Amino acid sequence: MKLAQYVVQRFIGYLLVLFIGITITFFLPRLMPGDPINNYISQVQARAGQSLSAEATQQLRDSLAELYGLQGDIFTQYRNYLARVVRLDFGPSFTYYPEPVSNILLDAMPWTAGLLITTTLLSWLIGNSIGLIAGYFNKRRWATILEVVGIILYPIPYYILALVVILLLAYWIALFPLSPTFLPGPMTWNKAVSIIYNSFLPALTLILAGFGWNVLAMKALAVATKEDAYVQFARLKGTTDRTRMTNYVFRNAMLPQITALVLSLGFIFNGAIQTEVIFSYPGIGMTMRAAAGAGDYNLLYGAIILTIFSVATAALILDLIYPLFDPRIRLGG
Amino acid sequence: MLLAFLLSLIAGCGAPAAGPAAPQPVAGAMTEVGTPRAETLIVQTFDGKTNAPDNMNPLMSGYAIWRGFRELAWGYLWEMDTATGKSYPELAAELPVVLNDEYTQFEIRLRPGVYWSDGVEFTANDVIFTLDTYFNNRDKLTYFGVPVITNYVKSYEKVDDYTLRVETVKPAYDFATTMGVYTWGSAFNIVPKHVFEKVEDLAAFKNEYPVTLGAYTLKSYDPNGQWHLWERRADWDRSATAPLGEPKAKYVFYKNFGDEQTRTLAFIKNEYDVDTFMSPDSIDAAKAQNPKVRTFADVFPYHDMNDACAYGIIINNLKAPLDKPEVRWALALSLDLQNVGINSMSGQFKGSALPMPDTQITRPAFFEPLQAWLNELTLPDGYKPYNPNFGADMVARLTEMGVDPAQLPTGDAVTGNFGLGWWKADPAEAEKLMNSVGMTKGADGFYTLPDGSPWTLELVIPSDWNKVMQRVGFSIADSWTKAGFKVNARQVDNAEFTTVQNTNALLQVMVNWTTSCVFNTNFVNNWRTIKAENLKPADSNELITGNTPRIDNQFIFDKIAEAGAMDMSKPEFLEAGQEIIKEMITNMYYINMMNIPTTIPTNETYWTNFPKQDNAYAVPYTWWSSFKKILANIEPVTQ
């Protein structure tokens, strides 16, 4: 019963977060300076100043408002917007009219998700494994070396890290392309290999960039946890280092790391703008950035709602799975 | 700083004392899209990435125009020779024939023997169908040309398969550039009747692999919008561009090579042939590593300066204290353009004092005839503000800075490359002018308003969506601050930039280019919106739809209206333009600064004979009409 109540509470909270987020998303871009219709009119006016009368301009304005779904007062627009969002219909992109926003997002999503889910998980796994070993055996010299690697990588700005990797692996030693070329057509074995090959450098830079923090965080947790009484007790019972490191230290130290992992996964639909720019990699980040710059409300709504949805869902999943990892929550204590 | 360090690392690494060793071309090499490298011209996309790569419907606003559509795939009634600014017939057999004295009735004669890429002949039926489509669907089609043409054309009729007649709403001396191409684009995109007449929903139609009129067809593209590959038509000699000759590249591959650092590395490694707006720092790094990388000119300012627009400062002339000519002149004379150009463009720019770019076309028409007037121009206090030695001064300053004299122009090239002159940098005279209207410097060293209250000038500049203008903007703020103006430089995004430009309440001054765009001698094309009905009150939030410099001057309104009804080929037309320019300058309504520097380096490892200063058969842009001519003139390098 307690569990059911817990799940229902979390679910109501989840729906509330979505509603508030979606509402803010509607009003916020309208407070931004810039208006797609006026941008369009300016462009036309520059070419047609001689021939476009005030009436013709107004006619054009009305017709665009209808095409873009911007007719009516703001509350009418808001009502229509909520009805559309439920159907995952974000309307047409203003910049690429009449291309539906959902198409643009659906095209970009697999690239963003594929790259960021893979790199986030790998970075978490590798970073935490190294951090655990470095923390558990913190008196050993090689553990210090592993920690130094994390300390060196962590503060390097991503942009610089990416450029150094490009210089090393694509310019001086030309193992990978400087910019990817993804070929069209159905998915085949060769195409899959080509995607992995072309995505290798962006993925590597993201793993390296996320890896340092995981090493340092897990190492600090492992050092503290291994001194806890239950770990000492296990040692006195004669368990091996490996058993204590994995079953005792890691299981307890990983809780904050899991929180960080799930929230990172929730944020992946923000995209990775810098990666997309530096590597001309397809994805949602640049789409969102360009939409904000051009006043393309609909595209901006779509991309932000996707992020709200994924972050809120990640938080919900975290709430729901946390009892599995932490018996104190499961037992209500 | 870190980026500068990385660029210098690239520039420095591996360069032997005897000079850089270029990465060698590979015989038999293939591109990543499977075409022979030696037969493929590779170009950086102008628009980076597009989100609608499959949209090739030229009746809609969001179609993928920037990656070959208009240069490779399409033809227009009249194109523009970018070297001379003259229209020439492309789909038409000759320039429009004027049928009445009022210049409202025209006959268009089409060139027989032009075929769409699917083998159907292009005829007057396609033109009539397109006009019908524009008029019948004007509330659905979002291409900007639709309102332009439907408000410009009054009636039309077919005479025979190769002849039609068009009547315009008003006298149309610009018929060839409105129904054809003006600088980079055309309002009138003719579509194939046999394809489009079968389409039920024209707005939703993608026209994914278009039937083309140009010499190329689309072979393949990246659904993610990073590249497009075009292939030359086997029957290119029946295409719209056939009279220019055979395009030399069998394939043209447009690709987004990433941000500037990655692009520079790819350029050094011969991965592509023509770039688009690379910064001077990156070009220097690329040239240091690969001698095949070339700029438009071998000496300063290195780049082509014949863009249709110039960077300048839009002033809200309606808003106090900017409504006073003394204040506007003070701003012009407080702007040290040499410093601005050196700080933001490494000195690689060309000054232009007139409210338009100083190009090979506008110079003989406007700049040279007005030099004597500029030299004699006197402000009410007797001060002569013009500096005709601007170019020579630039050479002296760059020499002082340690630039190799061999890299600097000499003789006539000094004014040719740096411009004929600009305003003196004279903060002392600026102070006199400010004081004359009661604006003196306060205790903090900054000018106050006439009532003694503090005055902050808000200068709007682009954020990083236009890095060159952003840098120019910060340099201007620096120059004005040193002269005693308290400046708040505010960076804005692209959409907000247009809103500020068009909203009096939001605008004091902004760095912009839109007021100055004049490519051929038809100044009316840009300035026709300068009229009284486009003015709004100084603090209005209502958007203006023209007259961005906020000029309120009856003489200018009348002259522009008069010029709009003149034959543009007559000397009177140019004289009217010169009169307007004089009035604009006398009142300093708009501070024009420099031609937009089009930094388009080429890599001549695989292809040569690109347009250069000593071989300027076209402007060097790949996203203008010029690219049609470039493709017919480049030569492959034998590997």
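Start with chain A and colour its charged side chains: 22 are positive and 16 negative, and the mean positions of the two sets are 17 Å apart. Here Lys and Arg count as positive and Asp and Glu as negative, while His and the chain ends are not counted; each charge is placed at NZ of Lys, CZ of Arg, CG of Asp or CD of Glu. Now do that for chain B, where 53 positive and 76 negative side chains have centres 2 Å apart.

Some housekeeping before you click further. This is a predicted model, in which local features need pLDDT of at least 70 and side-chain atom pairs count only at pLDDT 80 or more, whereas totals for chains, interfaces and linings use all residues. Residues are numbered from 1 along each chain as its sequence is written, chains are lettered from A and ligands numbered from 1 in the order in which they are written, and side-chain values use heavy atoms, with hydrogens and water left out.

**Chain A, whole**

Switch chain A to cartoon. You should see 14 helices and 0 strands, where helices (H or I, at least four residues) and strands (E, at least two) are DSSP runs numbered from the N terminus. Zoom out for the overall dimensions: the C-alpha trace spans about 90 × 60 × 40 Å along its principal axes. Chain A has a radius of gyration of 25 Å, against near 20 Å for a compact globule of 333 residues. That radius is taken over C-alpha atoms, and the globule rule is 2.2 Å times the number of residues to the power 0.38.

Next, put a surface on chain A. Its accessible area comes to about 16300 Å², with 70% belonging to carbon and sulfur atoms. Areas come from the Shrake-Rupley method with a 1.4 Å probe, and for residues only the protein chains shown count as cover. Of the 333 residues in this chain, 49% are buried; buried means under 20% relative accessible area, exposed over 50%, and partly exposed in between (1.4 Å probe, protein chains only).

**Two stops in chain A**

Select A:Leu15, in helix α1 (residues 2-31). A:Leu15 counts as partly exposed, at 44% relative accessibility. Add A:Leu169 to the selection and draw a C-alpha to C-alpha distance: 46 Å in space, for two residues 154 apart in sequence.

Then go to A:Leu88, in the loop between α4 (74-86) and α5 (101-136). What is its phi? Near 55 degrees, a positive value in a residue other than glycine. The side chain is worth a look too: A:Leu88 is exposed, with a relative accessible area of 58%.

**Chain B, whole**

Hide chain A and bring up chain B, which has 20 helices and 23 strands. Its C-alpha trace spans about 75 × 70 × 40 Å along the principal axes. The radius of gyration is 25 Å, which agrees with the value near 26 Å for a compact globule of 639 residues. On the surface view, chain B exposes about 21500 Å², and carbon and sulfur atoms supply 51% of it. Buried residues account for 62% of the 639.

Colour B:44-228 and B:310-595 separately: they are domain 1 and domain 2, with bounds from an automatic or database domain assignment. Their C-alpha centres lie 35 Å apart. Where the domains touch, 11 residues of domain 1 are in contact (heavy atoms within 4.5 Å) with 14 residues of domain 2.

**Helix α7 and the cis prolines of chain B**

Select B:260-268, helix α7. How many of its 9 residues are buried? The count is 9 of the 9, so the helix is largely enclosed by the rest of the structure. Among them are B:Glu260, B:Arg263 and B:Phe267. After α7(B) comes B:Asn270, with a positive phi near 60 degrees.

Move on to B:Pro301, in the loop between β13 (293-294) and β14 (310-315). The peptide bond leading into it from B:Phe300 is cis, with omega near 0 degrees. B:Tyr302 is found in the loop between β13 and β14, and has a positive phi of about 75 degrees although it is not a glycine. Is B:Tyr302 buried or exposed? B:Tyr302 is buried, with a relative accessible area of 8%.

Last stop: B:Pro321, in the loop between β14 and α9 (325-333). Check the peptide bond from B:Ala320 to B:Pro321, which is cis, with omega near 0 degrees.
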